[in-house]
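Please read this note with the structure open beside you, since each point is meant to be followed on the model itself.

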Amino acid sequence: MGEVWKNPLTPWRGDAEPAEAASDPWRDPGEVWRAKRASSVPMHKVGRLRYFWKAQGHGERTWNRLRYWPTRRRVLDIRGEYNPKILRREKTILDRRPIYWALSFLAILLAPLIVPGDLQSTLISAGTVFLIYAAINLCWTLIIGTAGIFSLATMAVVGAAAYGAAAMSVFYGWPWWTLPFVGAGIGLVFGVVIALPATRLDGFYYALLTLGLNELCRVYVVQSRTFGSATGGLYGADSFIPAGLSPFGELATGYYAAFALMLVALALFRFVHGKRLGRILRMAPEKREAFAQAVGINYRAARIQVFILSSAALGLIGGFYASYFRGASPSLFSFDAVLLGLAMLVIGGIGRSEGAVAGTFIVILIDKVFLSLGPIRLIVIGLIMLGVVLFLKNGLFGIKQQFRAWRNKKKSENRSSRAEKGGEMLPEEATETEDKDLIYARRFDKMQRDYLKTIVSERLIEEHQRNPLGQHSEPLERLLMYFRRQPQVDKYAITVIEPFKAYRIVALSGHRGVAPRLVEEKTYPTEAEAYHAVFLRRVQDLLEY
């Protein structure tokens with residue numbers, strides 16, 4: 001049912017036209033606004049996660065950051081900032097990895113002291129093996145992750161160094177403290193020899209070459225009488241574990257020595273990956289040698305340097321291995337050892353120190369502790385590796401970054417699903433807009449246009465055609481006020497071709513000195529018809545926007 005609109009000027013001007021007119025029923029703008037503010041996407045109330053712990057600021061005191069002596073590197077990456085909500089200064093720890101490393105080291109130090117007595121031999125021995133293989137994988141991830149050389153000769157270098165160091169101790173009586181240095185020399189020689197093909201081969205072919213070298217070493221030691229083909233290895237080397245210690249003392253000595261070895265490997269990883277060599281290789285990753293050469297970086301030389309340093313470190317680990325186990329065995333060159341090492345790197349994440357350690361812990365825990373499972377434990381390791389490859393990017397320690405990327409994608413999809421053509425700002429626009437008032441202005445304008453679309457009708461258009469200027473009904477006046485508030489750019493107006501005889505529609509440029517552009521060639525004989533034509537164009541743009 002329609003309503004009757006009465007002209008408020010009639011009591012003052014009896015000749016006011018029209019005195020009354022039919023009008024559409026009044027509609028509450030709040031209904032459309034409330035409907036538009038409600039999300040059409042299912043939303044779930046969740047708590048706000050606090051990613052960073054906030055500490056109190058230093059106030060007026062001088063802020064001294066704790067640094068590693070004698071470098072300028074800070075122990076913790078702490079940012080000082082001012083919180084406008086609570087009007088106080090705060091400190092935020094941006095990188096909490098040093099805290100996690102410190103807690104992990106503390107747990108490793110205390111582990112032998114809290115192990116049950118009936119499980120000391122199994123767990124402490126497994127812990128020692130874990131620490132040795134963690135050191136190996138830290139050097140291996142430098143080769144594969146940092147240098148980008150897919151080498152499978154890691155265990156060959158460790159095994160050759162272990163056999164060479166054991167031979168020097170067994171046949172020539174060298175003491176245990178010389179064995180790591182002997183192993184480092186053998187690893188350095190092996191690194192130089194193996195690095196030469198890396199200048200010509202790459203990727204799959206280099207992996208096959210290094211795998212063949214590993215198998216060649218295994219066949220040699222198995223068939224050699226000198227290295228114990230009959231006894232299953234070369235044993236009898238001097239050890240750093242003193243004679244006469246209790247069983248727990250022997251286990252603890254080997255355990256803490258392996259822990260020190262892992263710390264050395266971590267220091268090497270930090271020195272190579274975090275310093276100049278690692279930064280060069282991260283700036284010019286694999287397949288971008290041309291870019292590296294263009295900016296003056298010898299990319300191949302940097303890769304070879306990392307490979308040789310890592311090989312020398314692997315040789316040192318091999319010498320330690322021979323001293324701890326009092327010899328070496330052909331199992332070091334087995335294909336199983338290579339595959340388990342790859343599983344450790346893949347599960348933890350290639351190119352990350354924490355990934356190498358965590359992946360080694362998982363594999364050693366399953367392989368050395370759960371021996372009662374038999375061959376099933378190898379299937380479990382394979383299934384974990386397969387799951388990591390299929391569902392994760394860069395191992396377990398890539399979960400956080402992968403989850404954040406997935407969450408940001410879903411947030412953008414949910415926000416964009418609530419946006420329409422000509423509607424609110426998209427998330428990408430909102431984040432790049434410095435003046436946040438524009439976001440709310442766009443939102444208000446969108447809800448207002450949605451309301452105005454509902455009041456446009458044939459009766460309202462007829463009312464404007466009868467009386468383009470003067471007093472109008474409330475819906476028409478609201479619509480005209482919206483049109484008048486629009487910016488000058490491309491705003492419709494009328495221009496006089498001949499006074500009282502010819503009018504045309506133009507669009508304003510909105511810029512000083514730039515003439516309006518002609519919209520159409522049609523000429524209107526009266527001013528009222530021209531105003532109504534402008535009104536129709538604005539209504540059409542509103543309905544299409």
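The points below go from the whole chain to its sheets, then to a surface patch and to the salt bridges.

1. The model is a predicted one, and the protein chain in it has 19 helices and 10 strands. Of its 545 residues, 39% count as buried, while the chain exposes about 32300 Å², of which carbon and sulfur atoms supply 61%. Among the contacts with a separation of 6 or more, 64% are accounted for by residues 24 or more positions apart.

2. One open sheet is made of three strands in the order β3-β5-β4, with antiparallel pairing. Its edge strands are β3 (54-56) and β4, each of which pairs on one side only. On average, and with direction ignored, neighbouring strands of this sheet are turned by 35° against each other.

3. How many bridges join β4 to β5? Strand β4, residues 77-83, and strand β5, residues 88-95, run antiparallel and are joined by seven bridges; Asn 83, for instance, has Arg 88 in β5 as its bridge partner. The hairpin of these strands leaves four residues between them, and in this hairpin Leu 87 takes a positive phi near 60°. On the β3 side, three bridges join β3 to β5, again in antiparallel fashion, and the partner of Lys 54 in β5 is Thr 92.

4. Another open sheet of three strands follows the order β8-β9-β10, with antiparallel pairing. Here the edge strands are β8 (492-498) and β10 (517-518), each pairing on one side only. Between strand β9, residues 502-507, and β10 the antiparallel pairing rests on two bridges, and Val 506 has Leu 518 in β10 as its bridge partner. Helix α19, residues 527-544, packs on this sheet and touches β8 and β9, with a direction that makes about 155° with that of β8.

5. The surface carries a nonpolar patch formed by Phe 361, Leu 365, Phe 370, Leu 373, Ile 376, Val 380 and Ile 384, which together have about 550 Å² of accessible area. The elements that give two or more residues to the patch are α12 (353-369) and α13 (376-391), and the largest share, three residues, comes from α13. Leu 373 lies in the loop between α12 and α13, and, with a relative accessible area of 39%, Leu 373 is partly exposed. This value fits membership of the patch, because patches are made of residues with over 30% relative accessible area and no salt bridge.

6. Side chains of opposite charge can pair when their charged atoms come close. In this model the count comes to 13 salt bridges. One of them joins the side chains of Asp 450 and Lys 446, at 2.6 Å from N to O. These two residues are four residues apart in helix α16 (residues 437-455), so they are separated by about one helical turn. Are Asp 450 and Lys 446 buried or exposed? Asp 450 is buried, and Lys 446 is buried as well.

7. Which parts does the pair of Arg 504 and Glu 521 tie together? In this salt bridge the closest N and O atoms are 3.7 Å apart. Because Arg 504 lies in strand β9 and Glu 521 in the loop between β10 and α19, the pair ties together parts that are 17 residues apart in sequence. Arg 504 is partly exposed, at a relative accessible area of 22%, whereas Glu 521, at 59%, is exposed.

8. The loop between β10 and α19 also holds Glu 520, whose side chain meets that of Arg 537 in a salt bridge of 2.9 Å, N to O. Since Arg 537 lies in helix α19, this pair ties together parts that are 17 residues apart in sequence. Glu 520 has a relative accessible area of 18% and is buried, while Arg 537, at 24% relative accessibility, counts as partly exposed; the two fall into separate classes because buried means under 20%.

9. Finally, Arg 97, Arg 352 and Glu 354 are joined into one network by salt bridges that share partners.

Key. Residues numbered from 1 in each chain as written. Predicted model: local features only at pLDDT ≥ 70, side-chain atom pairs only at ≥ 80, totals over all residues. Heavy atoms only, no water. Pairing = 2+ DSSP bridges. Contact = heavy atoms within 4.5 Å. Axes fitted to C-alpha atoms, helices over the stretch in contact; angles between N-to-C directions. Patch = residues over 30% accessible without salt bridge, like charges linked within 9 Å, V, L, I, M, F, W, Y side chains within 5 Å. Areas by Shrake-Rupley, 256 points an atom, 1.4 Å probe, with all protein chains shown as cover. Salt bridge = Lys/Arg side-chain N within 4 Å of Asp/Glu carboxyl O. Buried < 20%, exposed > 50% of the residue type's maximum accessible area, 1.4 Å probe, protein only.
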